[in-house]
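Let's walk through this structure together, one step at a time. Keep the view open beside you as you read.

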Amino acid sequence: MSKVPLSRTGDIVWSRTPKTNSELFTLTYGVLVAQLLRDFEKVEEVNKELRRMGRNIGVRLIDEYLSKVSLASPTTPPCSTFHQTGDSIAKIGFKMFLGISCDISYPSPTTFVLTVHSNPLSTFVEIPPSREGLSYCEIMNGVIEGSLGAVSLRVESRFRKQIEKGDDVTTIEVEMMERIKDGVGEGYKDE
Amino acid sequence: MIYSFYIYRRDGVCLFKTTYNATEGDNGGDNRGDNGGINRGINGGDTEAEDEREKLVFGMAFSLKELIGQLSPMDGNTQQQIDCPLGTVKTRSSTMHTYETLTGFRFIIYTDPSINTMQHHLQAIYRIWVDKVVKSPLVKQKDGGYDISDTEFEKRAKEYLEKVPGFRR
Amino acid sequence: MTFLHLFIVNKSGGLIYSTSFSPSSPPLNTNDSLRIGSTFHSLHAIASQASPPPSSSSQNYPPESLSSSSSDGIETIEAGPLTLRCLQTPTGLKFILTASSSSQTSMKEALMEIYAVYADFAMKNPFYELEMPVRGDKFDRGVRQAVMGKEGKGGYLR
């Protein structure tokens, strides 16, 4: 591990990131979810669409993350374990994109759990009983899956607790499924 | 640390190949003394992977030379491209040092990435090569290359390289 | 110190951006640039195989190292006055910068800034299609600023 703590790197990147009014951000996301509910009607479809949008965002944002972090902390080596990947997401990723940092725990070598104490996406949100199945922040799972997918880690990300459903914290469980092989695999080398 | 050493002719025929500081187990490399650490490529006895590597190394040096040729900067006065001879190619785990003579011999040495330049050592080895092989009346031609098995070249080259700082870690 | 060319190659070896910076950059047409991009892409892969010690796997990313053999490619080439430096990102992109009589440090810094420009004006541009050629004035300008900063004339980031 590098000498610079990850949370310090997160702070540096965050300080260099342009800021926007958090209410504008929260309201914009709210409008987006509301519009999707109007378009798709079924909450399952909305969840799926949010996750898909998140993946598309994640695939792009990973380059933002990698380039800005390497500028802020050129000596940080690439993650070498899945838990280090989790630490980096918790201490740098969440900080630079959402302005919050979260706690992390490791139930198994291929799993980590992120605990978010306040979620800027859902500051004003209470889910009405008629929309019970809605996973309001589902886009976050998509972002995590999309960004790690772009660095050849196939993961599954899901909520265990959600503040907007009455839990005291939001917890995200991320499990590693496999490493995606590079284009030039063993079969090619044999020829 | 020096890993390996190749000499190629203009057309890619490998004239000489040897490895130093071989890492077969941790104490294998150094204790094997004079014969053990050295494999001579031309006279056979090497694994298929080594033969494959020998081709890759030449192919890479050749293609990089072409690539460099296209990228070389222009001279402001003559509007001709400046000649840029390929020197070193660094990867995370090793550095390839190359020296190409005007007669088309390529001398290539692989070291660990901490060694920055070997150019003058490569030129010194070229001089040994000229003395011990090119000028030697005893060298036999074999398959269009030189058969250097009867010459002192290998011994002298090894003596020289062992004195290079950083030959062993 | 003069920067000569920048090439950006996507993870399948396709050229997505190329530009030249100086009157002393040798002229290259589109085909030349495309060929240089794909040639370098394959040489990058060959370099890790030709390298003598069988790739050491010191890291323990389960089930295998995150920095796999594909990331152990060409980092720098020095050929007389010409220097080439390649930055490969974990997402498989390669940024290739050439310069004459330049220091490796300033090239490394320039490449990292260019990567940031790419993240800003390509990846965060909603109209940019992934893996496709990058076009856009803002991107061009950012790249030029990043490079000029290293020649002592301003910079992309402050």
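A good place to begin is a single pair of residues from two chains: Val89(B) has Ile77(C), in strand β3(C), as its bridge partner. Keep in mind as you look that this is a predicted model. The pair belongs to a wider link, since β3(B) and strand β3 of chain C (residues 74–79) are joined by four bridges and run antiparallel.

Now widen the view to the whole meeting of these two chains. How many residues of chain B are in contact with chain C? There are 33 of them, and they touch 35 residues of chain C. On the chain B side, three elements each supply at least two residues: β1 (2–8), α3 (48–71) and β3 (88–91). Of the elements of chain B, α3(B) gives the most to this side, with 11 residues. If you sort the chain B residues that touch chain C by class, you find 16 nonpolar, 14 polar and three charged.

Next, stay with chain C and look at two of its helices. Helix α2(C), residues 104–123, packs with helix α3(C), residues 137–150, at an angle of about 160°, and their axes are 9 Å apart. Angles over 145 degrees count as roughly antiparallel, and α2(C) and α3(C) are therefore roughly antiparallel to each other. Their crossing is right-handed. To find the place where they meet, you can look in α2(C) for residues including Ile114(C), Val117(C) and Phe121(C), and in α3(C) for residues including Phe139(C), Val143(C) and Val147(C). By class, the contact of α2(C) with α3(C) has nine nonpolar, three polar and five charged residues.

Finally, turn to chain A, where four strands form an open sheet with antiparallel pairing, in the order β1-β2-β4-β3. Which strands stand at the edges of the sheet? They are β1 (103–108) and β3 (153–161) of chain A; each has a single partner strand, so one side of each is left without a neighbour in the sheet. From one strand to the next, the twist averages 25°.

Inside that order, you can follow strand β2(A), residues 111–116, as it pairs with strand β4(A), residues 170–179, in the antiparallel sense over six bridges. Thr111(A), for example, stands opposite Glu175(A) in β4(A). A helix joins the picture too: α5 of chain A (residues 138–150) lies across β3 and β4 of chain A, and runs at about 160° to β3(A).

Technical notes: Residues numbered from 1 in each chain as written. Chains lettered and ligands numbered in written order. Predicted model: local features only at pLDDT ≥ 70, side-chain atom pairs only at ≥ 80, totals over all residues. Axes fitted to C-alpha atoms, helices over the stretch in contact; angles between N-to-C directions. Parallel < 35°, antiparallel > 145°, perpendicular 65-115°, else oblique. Left-handed = near helix turned anticlockwise from the far one by under 90°. Contact = placed C-beta atoms within 7 Å. Nonpolar A, V, L, I, M, F, W, Y, C, P; charged D, E, K, R; others polar. Pairing = 2+ DSSP bridges.
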